[in-house]
There are 2 protein chains.
Amino acid sequence: MYELHYWPGIQGRGEFVRLALEYAGVDYIDVARADESHDGGEEALMKRMQGADLQHPPFAPPWLKVGDQLIGQTANILLFLGRRHGLAPKEEAGELWTHQLQLTIADFIVEIHDVHHPIGSGLYYEDQRDEARRRARDFRDNRVPKFLKYFATVLQRNPAGDLHLVGSKVTYADLSLFQVIAGLRYAFPNLMRSTAKQYRQVMTLHDRTAAEPRLASYFASARRIAFNQEGIFRHYPELDSAAT
Amino acid sequence: MYELHYWPGIQGRGEFVRLALEYAGVDYIDVARADESHDGGEEALMKRMQGADLQHPPFAPPWLKVGDQLIGQTANILLFLGRRHGLAPKEEAGELWTHQLQLTIADFIVEIHDVHHPIGSGLYYEDQRDEARRRARDFRDNRVPKFLKYFATVLQRNPAGDLHLVGSKVTYADLSLFQVIAGLRYAFPNLMRSTAKQYRQVMTLHDRTAAEPRLASYFASARRIAFNQEGIFRHYPELDSAAT
């Protein structure tokens, strides 16, 4: 039985792991979301992470516990789950290409987060709102188009067809790209409405993934935390483009 | 024969790959550093990256070309080289732990870069200097101590001894941590002088790595590009702490 350890109140980076586990149909315990008498809560999570007995301490949540093994860093957890549960090609070139895409998604996620926290992740948004406004302009005008165009190109060039990033089966990179689009739609609804048409393949991947039966049932369950203003994707109207 | 494709004028992210290749004693061509009649230069690099014939286009340099295979994303290239050249444990748990550390170093590198580019990577430093000053304060006070303390802890807890991050042999994560310390000393000399003592194991790793014969001869060669104000690590005195 896998244990996922992540902040209990947000989708955050943990969600990329949850999507892989849910899509693979694997049982897992979302430890920090249990009640406090069962190791739940943020305080217990932090305490475990800082435990002096950990030979391989994670730098930050999420981490996955598999028997005695702790695996940290979202993309690294997905590399592990991809092998175990058929969420990436088995041959090396395909495994590395999938991971390369995941790491590019990870770079995008950092930029999405830093739009609302350009000065420091430990400071309040309200204390860096002016800088956030400035960064958001560059993000909307340059970074979002660059990343979305890139993923659209990867889909177009997939010789197995433009429904998946890699080959003809769902990989963890598809699930992660779905999550990024879902998050961007929550955080930047105006921007996404006005640009969606330019990245048709990416939007189709999002919509098809949302409809995958195991994921659809996950989204309808209490296990899916709603997007909120504490996570990576936050809806601050002043950072979105104007409505058209 | 490996081909490394990276910006010719900076260490940048390519340097993490160069260090692995140099330490492993592997032959490679640093393609963009050749003269223009031999595919060198930035323009040819960009053109290759944007080639419509690439089935697996990289999002950005560096990438490694191995036969017909293109491998992008620094940490992914190191995952590949680690397997091929003994720069990471062969068993899965050790391979993943090494990669986890590399991805944490990658996170640190983004933060180091964004200190001088908090608003946008496509804008000049001079146009975001005020924001950079503010971000630098948070970086020096909170982020550098957090990352360096983490790596010191990992070294302390290594059951094979505190000279390496993983096991008793040099891994690509050691080489990358060396490079981060070398870069921080260039960019933030005052900060690093005043805090080095607190992270003794990390500084020892830096110094021992610098003295590895194959690396020492690399550093003395023209193949090592000097740190400069175009790379990840930049020395802007106004972003460093005051001299003590």
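In this predicted model, strands E3 and E4 (residues 69–72) of chain B run antiparallel and are joined by four bridges. One residue pair in this ladder is Lys65(B) with Leu70(B), the latter being the bridge partner in E4(B). The two strands form a hairpin with two residues between them, and Gly67(B) in that hairpin takes a positive phi near 60 degrees.

Strand E3 of chain B, residues 63–66, also pairs with strand E1 of chain B, residues 2–5. This pairing is again in the antiparallel sense and extends over three bridges. Here Leu4(B) has Leu64(B) as its bridge partner in E3(B), while His5(B) stands opposite Trp63(B). Strands of a sheet pair through backbone hydrogen bonds, in either a parallel or an antiparallel arrangement.

These pairings belong to an open sheet of four strands in chain B, ordered E2-E1-E3-E4, with mixed pairing. Strand E2 (28–30) and E4 of chain B are the edge strands, each pairing on one side only. From one strand to the next, the twist averages 20 degrees.

Helix H1 of chain B, residues 14–24, packs on this sheet and touches E1, E2 and E3 of chain B. The direction of H1(B) makes about 155 degrees with that of E1(B). Is H1(B) largely enclosed by the rest of the structure, or largely open? Ten of its eleven residues are buried, so H1(B) is largely enclosed. The criterion for a buried residue is that 20 or more other C-beta atoms lie within 10 Å of its own. The buried residues of H1(B) include the nonpolar side chains Phe16(B), Val17(B), Leu19(B) and Leu21(B), but Glu15(B), Arg18(B) and Glu22(B), which count as charged, are also buried. The cover over the buried residues comes from several elements of chain B, including the strands E1, E2 and E3. Helix H3 (74–84), helix H6 (172–187) and helix H9 (213–219) of chain B are also among the covering elements. Just after H1(B), Gly25(B) takes a positive phi of about 70 degrees.

The remaining topic is the contact between the chains. In the model, 35 residues of chain A are in contact with 35 residues of chain B. On the chain A side, strand E4 (69–72), helix H3 (74–85), helix H4 (92–116) and helix H5 (129–157) each supply at least two of the residues that touch chain B. By residue type, this side of chain A divides into 16 nonpolar, 13 polar and six charged residues.

Notes:
Residues numbered from 1 in each chain as written. Chains lettered and ligands numbered in written order. Predicted model: local features only at pLDDT ≥ 70, side-chain atom pairs only at ≥ 80, totals over all residues. Contact = placed C-beta atoms within 7 Å. Pairing = 2+ DSSP bridges. Axes fitted to C-alpha atoms, helices over the stretch in contact; angles between N-to-C directions. Buried ≥ 20, exposed ≤ 12 C-beta atoms within 10 Å, placed from the backbone.
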